[in-house]
Amino acid sequence: MTRKVNRATAAVWAGEKDYRAHGATQVPVVNSVSYDYTDLSHWYDVATGEASGHIYSRNTNPTVASFEDKVRQLEGAEAATSFATGMAAISNTFYTFLKPGERVVSIKDSYGGTNRIFSDFLPHMNIEAVLCDTNDHEALEEEVRKGCRMVHLESPTNPTVKIIDIKRIAEVAHEAGAIVVVDNTFATPILQSPLELGADLVIHSATKFLGGHADALGGVLCGDAKLVGEVFHYREINGATLDPHAAYLLLRGLKTLDLRVRKQTENAGKLVEYLETHPAISDLFYPGLKNHPNHDIATEQMKGYGGIFSFSLIGGMEAVRKVLPRLKYANRAANLGAVETTVGPANTTSHVESTKEELVNLGIPSSLVRYSAGIEDFDDLKDDLENALSILEK
Ligand SMILES: *Cc1c(COP(=O)(O)O)cnc(C)c1O
């Protein structure tokens with residue numbers, strides 16, 4: 001009986017063997033724009049798709065292909081293609097499928113950049129983006145049933161870690177004839193498999209957890225071979241190609257994905273437990289909390305609650321300005337999912353372009369801090385937070 005390879009093993013081994021060279025145990029960085037063919041009919045066959053191979057690295061490249069194949073196997077997908085950034089993965093997917101006069105239904109809590117595509121760019125093309133209250137599944141279903149080309153979901157969301165019931169919305173979307181796209185950046189393939197829950201396409205900002213070291217940008221799309229093929233064609237012509245060196249860094253980062261995500265999840269869970277009773281905290285958002293509105297759905301569709309939580313302080317932004325600089329083991333930076341703990345106020349990171357009113361509408365407290373737990377020792381992270389928060393007692 002053949003058994004599906006576990007994700008921890010796939011993260012290490014998948015997608016590599018076909019791309020090794022010279023007996024090396026690691027995939028090389030193929031820094032070549034084009035590929036030499038002495039046999040012109042072979043070149044022709046590769047160009048027409050009759051034979052496999054590479055012609056020009058804007059289209060395909062061996063190091064990039066190895067990265068794509070590893071993520072494809074981690075997501076249990078038929079096909080995968082990659083991009084220069086996560087935003088390129090999202091925008092190329094939207095622009096491939098959405099045509100003038102069509103609708104896309106999504107949530108108000110999408111990633112900031114995604115939201116900007118909805119508000120600043122799709123309207124020019126006469127594409128309507130309907131953004132529903134993330135916690136209101138009935139409203140989402142109602143908008144989907146009115147008819148739409150695509151449903152774009154994100155779960156957990158940024159930065160208040162709201163949870164969408166992917167299976168439930170995917171069923172309604174398919175009845176309405178829509179494609180279901182899920183941005184799985186926060187959960188990673190270790191904790192959540194949107195394709196198994198009914199999504200057609202899964203997107204990652206590989207810049208975050210997949211790479212995990214905050215040293216390379218990238219994006220990836222996985223799913224149905226025909227749909228991925230259409231987006232690949234858009235990308236190869238429009239040119240948002242992943243660089244081979246970035247692909248190598250992402251490949252190397254991916255090998256420890258399972259270890260990292262487990263440790264980050266463990267650290268986040270224990271830190272939330274510590275902060276829950278801390279007198280300086282006013283809001284605390286984490287799907288692992290029993291009082292999280294979608295705790296049960298998170299438990300059902302995820303294998304863990306993830307490495308990210310957010311909190312606000314009773315003293316508001318003034319308190320945040322005092323506390324964050326005191327953290328020894330955290331970068332105050334705009335990324336997340338790295339081996340180093342990374343913190344940042346939502347109003348300067350994911351929602352820097354939102355107005356006060358928009359933040360209120362999204363239920364984001366104005367002094368909310370996103371905490372992306374790293375892989376450091378838990379006691380050190382806890383002591384660090386305790387020490388930083390102690391300034392508020394004075
Ligand atoms: C960061 C992020 C993106 C965008 O990815 P880039 O690689 O920065 O372009 C998209 N979605 C989510 C959920 C993200 O966190």
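**Exercise 1. The loop that holds alanine 214**

Task: In this predicted model, state where alanine 214 is found, and decide whether alanine 214 is buried, exposed or partly exposed.

Solution.
- Step 1. Alanine 214 is found in the loop between strand S6 (201-205) and strand S7 (219-223).
- Step 2. The relative accessible area of alanine 214 is 44%. Buried means under 20% and exposed means over 50%, with partly exposed in between. Alanine 214 is therefore partly exposed.
- Step 3. Phi of alanine 214 is near 55°, a positive value in a residue other than glycine. Most residues other than glycine have a negative phi.

**Exercise 2. Threonine 188**

Task: Find the element in which threonine 188 lies, and state whether threonine 188 is buried or exposed.

Solution.
- Step 1. Threonine 188 lies in helix H8, which covers residues 188-191.
- Step 2. With a relative accessible area of 1%, threonine 188 is buried, because buried means under 20%.
- Step 3. The phi value of threonine 188, near 65°, is positive, and threonine 188 is a residue other than glycine.

**Exercise 3. Two peptide bonds before proline**

Task: Classify as cis or trans the peptide bond from serine 155 to proline 156 and the bond that joins asparagine 158 and proline 159.

Solution.
- Step 1. From serine 155 to proline 156, omega is near -10°, and the peptide bond is cis.
- Step 2. Between asparagine 158 and proline 159, omega is about -5°, and this peptide bond is cis. Most peptide bonds are trans.
- Step 3. Proline 156 is found in the loop between strand S4 (150-154) and helix H7 (166-175). Proline 159 is found in the loop between S4 and H7.
- Step 4. Proline 159 has 0% relative accessibility and counts as buried.
- Step 5. Proline 159 and isoleucine 90 are 69 residues apart along the chain, and their C-alpha atoms are separated by 18 Å.

**Exercise 4. The surroundings of the ligand**

Task: Describe which residues come nearest to the ligand, and how the residues of the shell divide into nonpolar, polar and charged.

Solution.
- Step 1. There are 13 residues around the ligand, and Gly86, Met87, Asp183, Thr207 and Lys208 come nearest.
- Step 2. By type, the shell holds 4 nonpolar, 6 polar and 3 charged residues.
- Step 3. Helix H4 (residues 86-97) gives the largest share of the shell, 3 residues.
- Step 4. A nitrogen atom of the ligand is 2.7 Å from an N or O atom in the side chain of aspartate 183. For serine 205, an N or O atom of the side chain is 2.9 Å from an oxygen atom of the ligand. For threonine 207, a side-chain N or O atom is 2.6 Å from an oxygen atom of the ligand.
- Step 5. Taken alone the ligand exposes 380 Å², and the protein buries 94% of that.

**Exercise 5. Helix H15**

Task: Compare the span of helix H15 (residues 378-389) with the expected span, and say where its buried residues fall when seen down the axis.

Solution.
- Step 1. H15 has 12 residues; at 1.5 Å a residue, they should span 16 Å.
- Step 2. The end C-alpha atoms of H15 are 16 Å apart, which agrees with the expected span.
- Step 3. The buried residues of H15 include Phe378, Leu381, Asp384, Leu385, Ala388 and Leu389.
- Step 4. Seen down the axis of H15, the buried residues fall within an arc of 130°, so they line one face of the helix.

**Exercise 6. Helix H11 and the loop after it**

Task: Check the length of H11, then describe where proline 279 lies.

Solution.
- Step 1. H11 has 20 residues and reaches 28 Å from its first C-alpha to its last, close to the 28 Å expected at 1.5 Å a residue.
- Step 2. Among the buried residues of H11 are Leu257, Arg260, Gln264 and Leu271.
- Step 3. Proline 279 lies in the loop between helix H11 (257-276) and strand S8 (281-285).
- Step 4. Proline 279 has a relative accessible area of 66% and is therefore exposed.
- Step 5. Proline 279 and isoleucine 314 are 35 residues apart in sequence, and 8.3 Å apart in space, C-alpha to C-alpha.

**Exercise 7. Histidine 137**

Task: Which backbone nitrogen does the side chain of histidine 137 reach?

Solution.
- Step 1. Histidine 137 has its place in helix H6 (residues 137-145).
- Step 2. At 5% relative accessibility, histidine 137 counts as buried.
- Step 3. The side chain of histidine 137 reaches the backbone nitrogen of aspartate 165 at 2.9 Å.

Key
Residues numbered from 1 in each chain as written. Predicted model: local features only at pLDDT ≥ 70, side-chain atom pairs only at ≥ 80, totals over all residues. Heavy atoms only, no water. Near = heavy atom within 4 Å. Polar contact = N/O pair within 3.5 Å; in protein donor to acceptor, adjacent residues only side chain to side chain. Areas by Shrake-Rupley, 256 points an atom, 1.4 Å probe, with all protein chains shown as cover. Helix = DSSP H or I, 4+ residues; strand = E, 2+ residues; numbered from the N terminus. Nonpolar A, V, L, I, M, F, W, Y, C, P; charged D, E, K, R; others polar. Expected span 1.5 Å × (residues − 1). Buried < 20%, exposed > 50% of the residue type's maximum accessible area, 1.4 Å probe, protein only. Arc of directions from axis to C-beta.
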